[in-house]
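Dear colleague,

I am passing on the structure below, together with some notes on what turned up when I went through it. Please read the notes with the coordinates open beside you.

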Amino acid sequence: MTLQPETLSDREAAAEVPSGIAEIAKRHLVMNFTPASKYRDDDLPVFVRGEHCSVFDESGRRFFDGLAGLFCVQLGYTHGAEVGEAVREQLATLPFQTTWSVTHPPAALLAQKIAELAPGDLNRVFFASGGGESNEAAIKLARQYHITRGDHARYKFIARRVAYHGTSFGAMSLNGMTDVRKMFEPLMNGVRHTHNTKRYRRPAGETAAQTTDFLLGELESLIVQEGADTIAALIMEPLQNAGGSLTPPTPEYFAGVRALCDTYGILLIADEVITGYGRLGSWFGSAHYGFQPDMITFAKGIASAYVPLGGVIASDRIIETVLDGPVGMFNHALTYGGHPVACAAALKNLEIMEREGVVENVAALSPYLGEKLGEVAAKHVKIVGDLRGDGFHRSFELVTDHAAKRWAADPLSAGDFVSGHLNPALAEVGLICRVAIDAEGNPLVQVSPPLVMTRDDIDELASLLDQAFTIASDGAGL
């Protein structure tokens with residue numbers, strides 16, 4: 001692939017910022033999921049420019065962005081000027097218009113393009129501004145579809161444990177992450193959770209096929225227990241992000257989920273806010289794993305996160321049913337849904353992705369990424385219990401007790417290791433990735449880099465991880 005960066009002088013000029021930004025942010029900016037220490041004693045990074053797979057802070061120090069912003073900057077940081085030109089042209093032509101009983105070229109053309117890329121009969125697109133809004137819209141569309149068909153009892157949703165689907169009221173209700181939910185409960189009534197596909201810590205000797213049988217059996221049991229005629233939809237990520245890059249155990253898993261939905265009249269929603277638009281080496285993760293959902297929710301990669309945009313792709317059957325119903329429309333709306341500037345940016349993003357073969361790049365380099373990260377895991381076997389994932393989305397689960405597959409509190413807790421050793425080591429080597437303590441108490445290190453990453457970039461990413469694990473382990477005496 002050919003990736004032409006903008007000139008350094010242009011980028012340096014664009015990076016000129018006032019002094020004291022960190023202190024201004026600490027005083028006035030309420031940041032996403034940011035602990036109190038970042039507002040008070042801790043240093044607050046200030047990033048001012050980006051290039052290819054790297055970002056630079058206000059001192060000029062380079063960091064390899066192994067997280068693609070937040071699983072979203074598919075094109076990296078090189079194509080902002082080209083996407084920006086499309087944005088400039090749209091702002092000069094039509095800076096805003098709704099899609100409330102009217103349309104405009106960017107929204108119509110983007111919907112057409114998405115339908116071309118989406119699997120099966122997913123031909124209808126409702127636009128939102130982000131992933132949480134997209135899942136919120138999918139909840140309402142599923143409910144309206146069943147009500148229109150006379151199935152008024154179908155109000156329940158099934159999601160998976162530890163899964164994350166957003167922070168708005170309905171989307172948060174779908175979350176299987178207890179710590180995110182519990183402060184705001186009671187939430188939307190009727191959400192149930194089933195096991196996710198994590199195989200690490202499954203019984204010793206259990207085969208992937210046996211795991212699949214267990215998961216499908218449990219899911220069907222839950223459906224029957226709740227009453228199949230009360231369930232509106234299942235929502236699942238093709239690869240579950242929270243919990244650490246959880247992939248289906250076998251190809252039969254999603255085939256079985258699809259079959260259960262068909263048997264019991266339940267809609268299947270694929271949450272592809274992260275897996276959509278190339279992250280796994282296919283345009284959509286559902287196509288990658290060979291199953292056909294009734295809806296796909298998306299955000300992040302649709303515009304490489306250069307602008308906020310999300311939405312729902314629904315089947316013709318669902319939308320036509322709703323349009324033929326007593327309300328005569330999808331009874332939901334957002335002021336910024338289908339914003340012409342955001343849609344213009346997304347059209348340009350998809351054009352660049354196709355031109356540069358970005359999705360094909362992920363498919364081609366995924367085995368090499370797995371190989372190089374596997375070498376890191378093997379070298380640091382004292383602390384790496386599991387390495388899993390697919391495409392450009394991988395996770396290390398760290399343990400010190402391999403027999404129990406857990407992080408033992410002695411000589412230091414998982415939290416102390418992360419805050420006192422691992423995070424400082426990653427900052428020292430200049431690598432951004434996602435570090436968290438999972439629901440079972442183990443540290444997780446996630447890498448999900450820009451989709452334009454090359455073999456040389458993979459080598460650098462693996463080397464930086466190796467260095468960080470070495471520094472953290474040595475410092476902790478492990």
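Helix α15 passes α16 in a right-handed crossing, and the axes of α15 and α16 (residues 455-476) come within 8 Å and cross at roughly 140°. Please bear in mind throughout that this is a predicted model. On the α15 side the contact is made by F417, H421, L422, A425, L426, E428 and V429, while α16 contributes L464, Q467, A468, F469, I471, A472, S473, G475 and A476. Sorted by class, the residues of this contact of α15 with α16 comprise eleven nonpolar, four polar and one charged.

Two further helix pairs involve α13, and I take them in turn. The axes of helix α5 (residues 105-117) and helix α13 (residues 340-356) come within 8 Å of each other and cross at roughly 40°, which makes α5 oblique to α13. The crossing of α5 and α13 is left-handed. From α5 the residues in contact are P106, A107, L109, L110, K113 and L117, and from α13 they are P340, C343, A344, A346, L347, L350 and E354. Eleven nonpolar and two charged residues make up the contact of α5 with α13, and no polar residue takes part in it.

Helix α4 (residues 80-93) also packs with α13, at an angle of about 150° and with the axes 8 Å apart, and here the crossing is right-handed. The contact is formed by E82, V83, A86, V87, Q90 and L91 of α4 together with P340, V341, A344, A345, K348, E351, I352 and R355 of α13. By class, the contact of α4 with α13 divides into nine nonpolar, one polar and four charged residues.

One residue of α13 deserves a separate look, namely N349, which lies in that helix. Is N349 buried or exposed? Its relative accessibility is 0%, so N349 counts as buried. Leaving aside residues up to four places away in sequence, N349 touches L75, G301, I302, A303 and S304. By contrast with those contacts, N349 and A408 are 45 Å apart in space, C-alpha to C-alpha, with their positions 59 residues apart in sequence.

The backbone has a few places that you may wish to inspect individually. A cis peptide bond joins E185 and P186, with omega at about 5°, and P186 sits in the loop between α8 (178-181) and β6 (191-194). Another cis peptide bond joins D410 and P411, where omega is about 10°; P411 belongs to the loop between β12 (393-398) and α15 (414-429). The loop between β12 and α15 also holds K405, a residue that has a positive phi of about 55° although it is not a glycine. With a relative accessible area of 25%, K405 is partly exposed.

Y277 likewise shows a positive phi in a residue other than glycine, with a value near 65°, and its place is in the loop between β8 (267-271) and α11 (285-288). How accessible is Y277, and on which side of the buried cut-off does that put it? The relative accessibility of Y277 is 0%, and because buried means under 20%, Y277 counts as buried.

A last local point concerns D229, which lies in the loop between α9 (208-226) and β7 (231-236). Not counting residues up to four places away in sequence, D229 touches A153 and R154. The C-alpha atoms of D229 and D65, which are 164 residues apart along the chain, are separated by 46 Å.

As for the chain overall, its secondary structure comes to 16 helices and 15 strands, and the C-alpha trace spans about 65 × 60 × 45 Å along its principal axes. For 478 residues a compact globule would have a radius of gyration near 23 Å, and the chain, at 22 Å, agrees with that. Buried residues account for 55% of the 478 residues. Among contacts between residues at least 6 apart in sequence, 72% join residues at least 24 apart.

With best regards

How values were computed
Residues are numbered from 1 along each chain as its sequence is written. This is a predicted model: local features need pLDDT of at least 70, side-chain atom pairs count only at pLDDT 80 or more; totals for chains, interfaces and linings use all residues. Side-chain values use heavy atoms; hydrogens and water are left out. Axes are lines fitted to C-alpha atoms, for helices over the stretch in contact, and angles run from 0 to 180 degrees between N-to-C directions. Helices (H or I, at least four residues) and strands (E, at least two) are DSSP runs, numbered from the N terminus. Angles under 35 degrees count as roughly parallel, over 145 as roughly antiparallel, 65 to 115 as roughly perpendicular and the rest as oblique. A crossing is left-handed if the near helix is turned anticlockwise from the far one by less than a right angle, and right-handed if clockwise. Contact means heavy atoms within 4.5 Å. Ala, Val, Leu, Ile, Met, Phe, Trp, Tyr, Cys and Pro count as nonpolar, Asp, Glu, Lys and Arg as charged, and the others, Gly among them, as polar. The radius of gyration is taken over C-alpha atoms; the globule rule is 2.2 Å times the number of residues to the power 0.38. Buried means under 20% relative accessible area, exposed over 50%, partly exposed in between (1.4 Å probe, protein chains only).
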